[in-house]
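Visitor: I'd like a close look at one part of this model, the place where the ligand sits. Could you walk me through it?

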Amino acid sequence: MNVDKITVCGGGNGAQTLAPIAACNLGCAVDLYAPFGDEAGRLRSGLAAHGGLEATAHGSGSGVQAKARPRRVAADPAAVIPGSGVVMLVLPAFAHEGTLRQIVPFLDEGAWVGAMPARGGFDYCAAKVLKEQDREDVRLFGLQTLPWACRIEDYGQIVRVLGVKKMVDVASRPAAQIGEIAPLLERMLGLPIGRAANLLALTLANTGQLIHPGIMHSFSATWDGRPFGVEDVPLFYQGLSQEGAKTLAELSDDVQAIRTRLEPALDLSAVRPLFDWLLQSYGDAIADPSTLHSAFITNRAYAGLKAPVREVTADAVQRADRVRNSGQFALDFRARYLAEDVPFGLAVSRAIAKMADVQTPTIDRVIAWAGARLGKDYLGRDAGQARIPQAYGLGSLDQLLSFATETERR
Ligand code: NAI
């Protein structure tokens with residue numbers, strides 16, 4: 001499959017990394033749809049100042065180097081979506097549904113729309129939006145993760161790519177048409193693309209749902225609540241404790257129990273145990289692959305990435321009577337590592353487990369802990385606010401499985 005143009009939706013780290021890489025690898029026009037806040041204007045200013053967007057490894061050893069000027073940057077979908085063979089949502093999952101509603105009316109017939117990463121339940125929400133807008137000609141895909149660890153250095157100008165995964169899985173709907181989109185993604189990203197049999201496999205294979213809430217949870221045991229100076233903010237991945245690694249392994253075991261229960265009905269081979277996924281994704285970037293713990297703390301692609309923090313004001317600090325200095329930071333338990341990865345991750349897997357009558361004790365424990373920090377009861381009262389299948393009319397295991405497989409032969 002060849003395309004004349006693709007559109008990248010988003011104005012964050014991942015979108016600004018994908019745009020130049022895709023333009024260089026595919027040699028086609030790339031537009032940016034950036035309706036959030038003043039991002040379109042800021043992107044245009046940055047591009048003008050730097051002569052394009054640049055994704056660079058510089059100093060990180062990831063080997064990435066790409067610079068290109070997106071053809072058009074717009075906050076109006078009518079200006080960029082028409083004529084796009086492929087539209088890539090490179091957004092936190094909570095922005096998927098709103099963005100889909102904005103772009104669907106402008107999609108070409110038969111266009112491909114995908115989320116990178118898909119996170120949990122992308123297909124339920126996207127299928128609902130397509131059905132409501134009578135656009136079931138549109139084809140969907142999702143990637144299991146973002147291929148890069150990346151951070152914007154100068155907005156609209158330079159993104160630092162800290163690490164690159166060795167391969168990434170994709171799934172599509174209709175599943176039988178994966179042979180069309182997977183080779184294009186392989187060229188676009190410049191990486192081997194594995195093929196998952198269906199989007200349910202990607203929901204369960206979402207490793208962000210394990211890693212991010214699991215590590216945040218482990219901080220609750222190792223952090224005494226005292227704010228730290230900017231230099232002392234803990235490393236997120238490389239600071240993982242042995243106990244934290246045990247929690248990650250148990251979260252992964254819960255997902256494997258769901259896989260085992262559902263596997264007779266459909267192909268879930270893409271749902272790998274976390275340790276296997278880590279070794280496959282990062283290969284020789286991991287200096288000591290002997291245990292899950294050592295694989296995290298010696299992974300070069302994770303080097304230097306810090307825990308999410310929020311600044312604690314001097315007043316608040318004094319009131320809390322916890323520290324002697326002002327201008328310090330506290331762990332941010334409302335950051336995306338919980339706010340995205342629980343309602344668009346763990347809570348989705350847990351809802352599937354419930355339908356399948358599978359016990360998930362560690363997932364339940366981490367959801368309950370995260371919910372207390374987010375002010376949500378995702379195991380009870382607020383479950384329907386998560387992207388769970390039950391919230392999209394898939395209320396039984398039979399319905400879930402037939403939704404997952406209904407487009408396999410189309
Ligand atoms: P980011 O925080 O840099 O970008 C967020 C962008 O999403 C914003 O710039 C804006 O364009 C858009 N956005 C945010 N809130 C919105 C809203 N309410 N409505 C509409 N648009 C909104 O995110 P980043 O780093 O690009 O991550 C994208 C996805 O990739 C997330 O799911 C993240 O968890 C995942 N990911 C990111 C990695 C990284 O190294 N950056 C690594 C692995 C996964």
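Visitor: Let me start with the walls: which element gives the most to the lining of the largest pocket, and with how many residues?

Guide: That would be β9, with 5 residues in the lining of the largest pocket. Before going on, a word on the ground rules: this is a predicted model, so local features need pLDDT of at least 70 and side-chain atom pairs pLDDT 80 or more, while totals for chains, interfaces and linings use all residues. Numbering runs from 1 along each chain as its sequence is written, and side-chain values use heavy atoms, with hydrogens and water left out. Helices (H or I, at least four residues) and strands (E, at least two) are DSSP runs counted from the N terminus.

Back to the pocket (on a 1 Å grid over the protein atoms alone, an open set of points where a 1.4 Å probe fits, with protein on both sides within 12 Å along at least five of seven lines; lining residues have an atom within 4 Å of a point). The largest pocket holds about 1,300 Å³ of space, taken as the volume filled by probe spheres set on the points. Its lining runs to 49 residues, and Asn13, Gly14, Pro92, Arg336 and Glu340 are the ones nearest its centre. Besides β9, the elements that give two or more residues to that lining are α1, α4 (96-103), α8 (208-222), α10 (274-282) and α13 (336-339). By type, the lining splits into 28 nonpolar, 13 polar and 8 charged residues; Ala, Val, Leu, Ile, Met, Phe, Trp, Tyr, Cys and Pro count as nonpolar, Asp, Glu, Lys and Arg as charged, and the others, Gly among them, as polar.

Now for the ligand: the space it takes is this largest pocket (more than half of its atoms lie within 2 Å of the grid points). Around the ligand there are 20 residues, with Asn13, Gly14, Glu39, Arg336 and Glu340 the closest (a heavy atom within 4 Å counts). In that shell, β9 (148-154) and α1 (13-26) each put in at least two residues, and β9 again gives the most, with 4. The shell breaks down into 10 nonpolar, 5 polar and 5 charged residues.

Three side chains are worth zooming in on for their polar contacts (N or O atoms paired within 3.5 Å). A polar side-chain atom of Arg336 is 2.6 Å from a ligand oxygen. For Glu340, a side-chain N or O atom is 2.7 Å from an oxygen of the ligand, and for Arg151 the distance to a ligand oxygen is 2.8 Å. Overall, the protein covers 80% of the 830 Å² of accessible area that the ligand has on its own (Shrake-Rupley method, 1.4 Å probe).

While you're here, take a peek at the second largest pocket, with about 410 Å³ of space. Its 19 lining residues include Ala127, Glu136, Arg173, Phe403 and Glu406, which lie nearest its centre. Two elements, α5 (122-132) and β8 (139-143), give two or more residues to this lining, with α5 giving the most, 5 residues. The split here is 9 nonpolar, 2 polar and 8 charged.

Arg173 has another point of interest: a cis peptide bond joins Arg173 to Pro174, with omega about 5°. Pro174 falls in the loop between β11 (168-173) and α6 (178-189). For context, most peptide bonds are trans, and most residues other than glycine have a negative phi. Asp134, in the loop between α5 and β8, has a positive phi of about 55° although it is not a glycine.

Note on methods: A polar contact is a pair of N or O atoms within 3.5 Å; within protein, one must be able to donate a hydrogen and the other to accept it, and residues adjacent in sequence count only if both atoms are side-chain atoms.
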